[in-house]
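Work through the exercises below with the sequence and the structure open beside you. Each task is followed by a solution that goes step by step.

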Amino acid sequence: MKKEYHYRDPKIEKMNRKDMKELQLKRLRKTVKTVYNRVPFYRKQLKEAGLRPDDIKDTSDINILPGTVKQDFTDNYPYGLFATDMDNIVRIHSSSGTTGKPKVVGYTQNDIDTWADLVARNFTMVGITKKDIFQNSVNYGLFTGGLGIHNGIERLGATAIPSGTGNTLRQIEMMVDFGVTALHCTPSYALYLSETAVEHDLIGKMKLKTGVFGSEPWSENMRKTIEDMFQIKAYDSYGLSEMFGPGIAFECPEQDGLHIWDDNFLVEVLDKNGEQVSEGEKGELVLTSLTKEGIPVLRYHTGDITRLLEPECECERTTTRLSRMIGRVDDMMIIRGINVFPTQIQNVIANIPEVSNQYQILLSQNQKKLDEITVQVEIEKDMFSDDLKRLGEIQRKVAEELNSVLGIRANVELLGYGTIERTGGKAKRIIDNRKAL
Ligand code: DLL
């Protein structure tokens, strides 16, 4: 018999705001005390700000606490932010940035358990049960998406298939042969898997019902495409290594915003001046961990842009709710004065049937040192690539749509179907050639 765990606690998921704030305050005070006593980096910052743990009297006092940024992880590489002896650390994950040393995160056994509970809680929310056969098609290794999701599947009691990435046709065959009902991977890999399944006429032989996708930004139109191709429901899953990994925020069956688990994280969405935005407004997601032991983190500036939604959800959960991630602060392009995120471009091309969902953005400078943007997009498989007149029409259509929806003038290049590399990891969408000049 599979052991039953109490990963699901409706009392917590639907807790009233007052009780939740009390729980958060208790946990926040404990977290601040721990980092003050055990992490020299935080102790120094708190002392410089003239703060002691007892100064935290209310969750709103969060805004007097110092913040943490990605650079602090690299500066304290590898173990400088750990709040416990290595004897208590049972696992390490790491996530590489584009420059410098990777971020290293450590987990106590309690952390591994809390994280597995969170992931299992998310899966339960979208109706996945221990009867499901769950394929995890992401890289198993230092990336948190492999073991993090895997532990959640096992915690739930579902059957885990740790298929990893690569050999896409074999992945599809496994899904058919093993009767896979739930799938986790990046949204871009989901597209590739679905294209391959359609190509080999295997969709009809699948039992897939639920897809859980995350680790990179994706658009609403891309969701529709994946759902149509696989004939499933597709849910957005958000997370980051600094806060355990996947399982931090997750959609419910309403597919209308992500629930972020207030019993584990204190959530702020801040504008450029560091002020909390109002509902509906965009800002940077800033998170404070409330239950982590290995690396508790105060006010982590995730670099992810989201919107704060009204907390009331049809599903009756009372958590803070966020829109899907719009993009990263560092991925925002300013093109002739207009702010554009890759997801917005993705959303436009996902609506044009003549082109595939795969795209790349090239940034360059012209002779006058003005920024130029080129969007490379693949024509759909069944389009004839030798009909130049038709290709010209498609090219113009993409350019016009980008112009009318986003207000940007972009060069559009059409590529043959399958030209842009498909990977099981995070897709690289922006190639910035400006730095090379
Ligand atoms: O990507 C953890 C994860 C694994 C999440 C599997 C979901 C599924 P990192 O490698 O540390 O951790 O990257 C974290 O990825 O700050 C976001 O910029 C981006 N990201 C993660 N999920 C989403 C999402 C994992 N659903 C960084 N939408 C984050 C948009 C996402 N961006």
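## Exercise 1: Charge and overall form

Task: Establish how many positive and negative side chains the protein has, and how far apart the centres of the two sets lie.

Solution: The count gives 58 positive and 63 negative side chains, and the centres of these two sets are 3 Å apart. This and everything that follows refers to a predicted model.

Task: Decide whether the radius of gyration agrees or disagrees with that of a compact globule.

Solution: Begin with the expectation, which for a compact globule of 437 residues is a radius of gyration near 22 Å. The protein itself has 22 Å, and therefore the two values agree. Next, take the extent along the principal axes, where the C-alpha atoms fill a box of roughly 70 × 65 × 40 Å. Then turn to the surface, of which about 20200 Å² is exposed, with carbon and sulfur atoms supplying 48% of that area. Of the 437 residues, 54% are buried. Finally, among contacts with a separation of 6 or more, 65% join residues that are 24 or more positions apart.

## Exercise 2: Secondary structure and the nonpolar core

Task: State how many helices and strands the protein has, and find which residues touch the most other members of the largest nonpolar core.

Solution: The secondary structure comprises eleven helices and 20 strands. The largest nonpolar core holds 66 residues, and within it Phe123 and Leu287 touch the most other members. Helix α5, which spans residues 109-125, makes the greatest contribution to this core, giving seven residues. When residues up to four places away in sequence are set aside, Phe123 touches Ile128, Phe134, Ile149, Gly152, Ile153, Leu156, Val212 and Phe250.

## Exercise 3: A pair of threonines

Task: Determine where threonine 168 and threonine 196 are found, and which residues threonine 168 touches beyond four places in sequence.

Solution: Threonine 168 is placed in helix α7, residues 168-177, whereas threonine 196 belongs to helix α8, residues 187-199. Threonine 168 has a relative accessible area of 12% and is therefore buried; threonine 196, at 9%, also counts as buried. Leaving out residues up to four places away, threonine 168 touches Tyr189, Tyr192, Leu193 and Thr196. Read from the other side and with the same exclusion, threonine 196 touches Thr168, Leu169 and Ile172. As a check on distance, threonine 168 and isoleucine 133 are 35 residues apart along the chain, and their C-alpha atoms are separated by 18 Å.

## Exercise 4: Backbone exceptions

Task: Identify which peptide bond is cis, and decide whether aspartate 201 and arginine 299 are buried or exposed.

Solution: Start from the general expectation that most residues other than glycine have a negative phi and that most peptide bonds are trans. The bond from tyrosine 77 to proline 78 is cis, with omega near -5°, and proline 78 sits in the loop between α4 (70-75) and β1 (91-95).

Next come the phi values. Aspartate 201, which is not a glycine, has a positive phi of about 55° and lies in the loop between α8 and β6 (210-214). Its relative accessible area is 64%, so aspartate 201 is exposed. Arginine 299 likewise has a positive phi, near 45°, in the loop between β11 (282-289) and β12 (300-309). At 9% relative accessibility, however, arginine 299 counts as buried. Glutamine 231, just after α9, takes a positive phi of about 55°.

## Exercise 5: Two further buried residues

Task: Explain why aspartate 61 and threonine 320 count as buried, and list which residues each one contacts.

Solution: The cut-off for a buried residue is under 20% relative accessible area. Aspartate 61, in the loop between α3 (40-48) and α4, has 19% and therefore counts as buried. Apart from neighbours within four places in sequence, aspartate 61 is in contact with Asp55 and Ile56. Threonine 320, in strand β13 (residues 320-322), counts as buried because its relative accessibility is 14%. Beyond four places in sequence, threonine 320 touches Arg17, Leu258, His259, Ile260, Asp262, Val267 and Leu308.

Terms used. Residues are numbered from 1 along each chain as its sequence is written. This is a predicted model: local features need pLDDT of at least 70, side-chain atom pairs count only at pLDDT 80 or more; totals for chains, interfaces and linings use all residues. Side-chain values use heavy atoms; hydrogens and water are left out. A nonpolar core is a set of buried Ala, Val, Leu, Ile, Met, Phe, Trp, Tyr and Cys residues joined through side-chain atoms within 4.5 Å. Buried means under 20% relative accessible area, exposed over 50%, partly exposed in between (1.4 Å probe, protein chains only). Helices (H or I, at least four residues) and strands (E, at least two) are DSSP runs, numbered from the N terminus. Contact means heavy atoms within 4.5 Å. The radius of gyration is taken over C-alpha atoms; the globule rule is 2.2 Å times the number of residues to the power 0.38. Accessible areas come from the Shrake-Rupley method with a 1.4 Å probe; for residues, only the protein chains shown count as cover. Lys and Arg count as positive and Asp and Glu as negative; His and the chain ends are not counted. The place of a charge is taken as NZ of Lys, CZ of Arg, CG of Asp or CD of Glu.
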